[in-house]
Every structure is written in C-alpha cells, then in structure tokens.
Amino acid sequence: MTDAATTTRLDRLFIPALQVLTFATGIVDAVSYLALDKVFTGNMTGNVLFIGFGLAGTGTTPLLNNAVALVGFVVGALSCARAVRGRTHVSRLPSANLAVLGASAGLALVLGAFWLIIHHLDGWVLLSVTAALAVVMGAQAAAVRAAGITDVTTIVVTSTLANLAIDSRLAGGTGDRWRRRLLAVVAMGAGGAVGAVIVRFGGGAPALLAAGALMALAVLLLHLARTREARATA
C-alpha cells in the first residue's frame, strides 16, 4: 500500500470527529452572532472585517465586542500551542492536543450553564463570555491542526470551498477529497442553521450547551479514532 493511500485511510478515522467539531462551530458562531451582539468567536475573518467596518465609523458594528473576540481567539490559540509544543505521541493527534479539546468542550459547557443560570448577559458579563468562548475556539483551532487534515479545519470553510472548486473535475482537476470538503461546508452551514433555530426558540444558553455537548462527543470520537489508528499501524 502506498504512503498516500495509507495517509488517506488514516485520515478517514479522524474525519467524522472533525466534521462534528465543524458542525459545533457553526452552532457556536450562530450563538455568538445572534446572541452575543453581532460577533463571531470562531470565524475570525468576519471579525477582522467587522473591526474594519467599526473603525470606518459605520455605527452598526460593535467594535469592542469584535476586538475582544479577536484577542480571545489569539490567546486561545497561543495557549494551546504553548501547552502542546514539544510533546510527542505515536498518534497523529497527541494526547496533549486531545486534552486541550476536552478542556475546551468542558469550558463551553460551563459557559452555557452559567448563561442558563443568570438568564441575561449584558455589559462586562457579555464581553467576558465572548472572550472565553473565543478562547475556546482558538484553542480548538490550534489543537486540531496536529491531525494534519487541512480540508477540515473545523473553524473556517473558505479555503475548503476554494479547494473544492479548484480541484474539481469541472476545473480540470482530479476531484480528490471532494466528499470531505463538501461535508465540511455542509456541516458548518447546518450547524449555523441549527444554532439559529435553537437561539430563536430557546435562547443562546441552550444552543451553547448543545454545541458543548457536540464538542465533547467529538473528543470521544477522536479518542476512538486514536485507538483504531494504533491498531491499524501496529
């Protein structure tokens, strides 16, 4: 079996979990935008644009909220990178990275429970939740990078969508990996739709709890994938 074929086979062990994380990210960003005053905690491209709009004085974009989310995301990614740097494991997803993802899921659930208890977020409390949730998403983005599956980054689908088009048979490409790329785009959009429905009828807290539960499920699936990977490479 060729190295490329082996890599593809091992990728398939991890992709379902990463797709679940992508779906959860869609829910989180729906919560962030709809219930945390027009801010993204996962999609930093949107935040950078919103900050630009705010600096231009449009008057319709909360500049502070988006700046807080951007900083929180960077802090989360930096903290994760610092925690896992230098640690090695036989798996393509080291134990330290899996632990970070588990802690991120736990923090998302804690934030959802806190929100459910106090019912309403306002002022510095809203900014604190925004920052903490952005830290969660930044840590997630850094942790899953070790898996080396660039088609499913779990937080953005812009490059995935571009690669889907560029490598498609319509563009003269091979159509390689089109399923995982298309599923990532669909997962993000479906997560956003589900999150929006939950926010609309139940509020931001239940939606965030749902996202946290899905993140925890993804961590379990990643653990199982690591176990299968060890058996496959033994």
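**A tour from a buried arginine to an aromatic cluster**

Begin by selecting R181, which is buried in this predicted model, with a relative accessible area of 3%. Keep R181 on display and add D167, because the side chains of these two residues meet in a salt bridge, with 2.9 Å from N to O, well inside the 4 Å allowed for such a contact. The pair links distant parts of the chain, since D167 sits in the loop between α6 (158-166) and α7 (178-201), whereas R181 belongs to helix α7, 14 residues apart from its partner. While R181 is buried, D167 counts as partly exposed, at 27% relative accessibility. A search of the whole structure finds 1 salt bridge, so once this contact has been inspected the tour can turn to the aromatic rings.

Next, select Y33, F40, F50 and F53, which together form one aromatic cluster. The count of aromatic pairs in the model comes to 4, and one of them, F40 with F50, deserves a view of its own. The ring centres of F40 and F50 lie 5.7 Å apart and their planes meet at 10°, which is under 30 degrees, and the pair is therefore stacked. This contact, too, links distant parts of the chain: F40 lies in the loop between α1 (3-35) and α2 (44-55), and F50 lies in helix α2, the two being 10 residues apart.

Finally, colour these two phenylalanines by accessibility: are F40 and F50 buried or exposed? F40 is buried, with a relative accessible area of 18%, and F50 is likewise buried, with a value of 15%, because buried means under 20%.

Methods
Residues are numbered from 1 along each chain as its sequence is written. This is a predicted model: local features need pLDDT of at least 70, side-chain atom pairs count only at pLDDT 80 or more; totals for chains, interfaces and linings use all residues. Side-chain values use heavy atoms; hydrogens and water are left out. Rings of Phe, Tyr and Trp (its six-membered ring) pair if their centres lie within 6.5 Å; planes under 30 degrees apart count as stacked, over 60 as edge-to-face and the rest as tilted. Helices (H or I, at least four residues) and strands (E, at least two) are DSSP runs, numbered from the N terminus. Buried means under 20% relative accessible area, exposed over 50%, partly exposed in between (1.4 Å probe, protein chains only).
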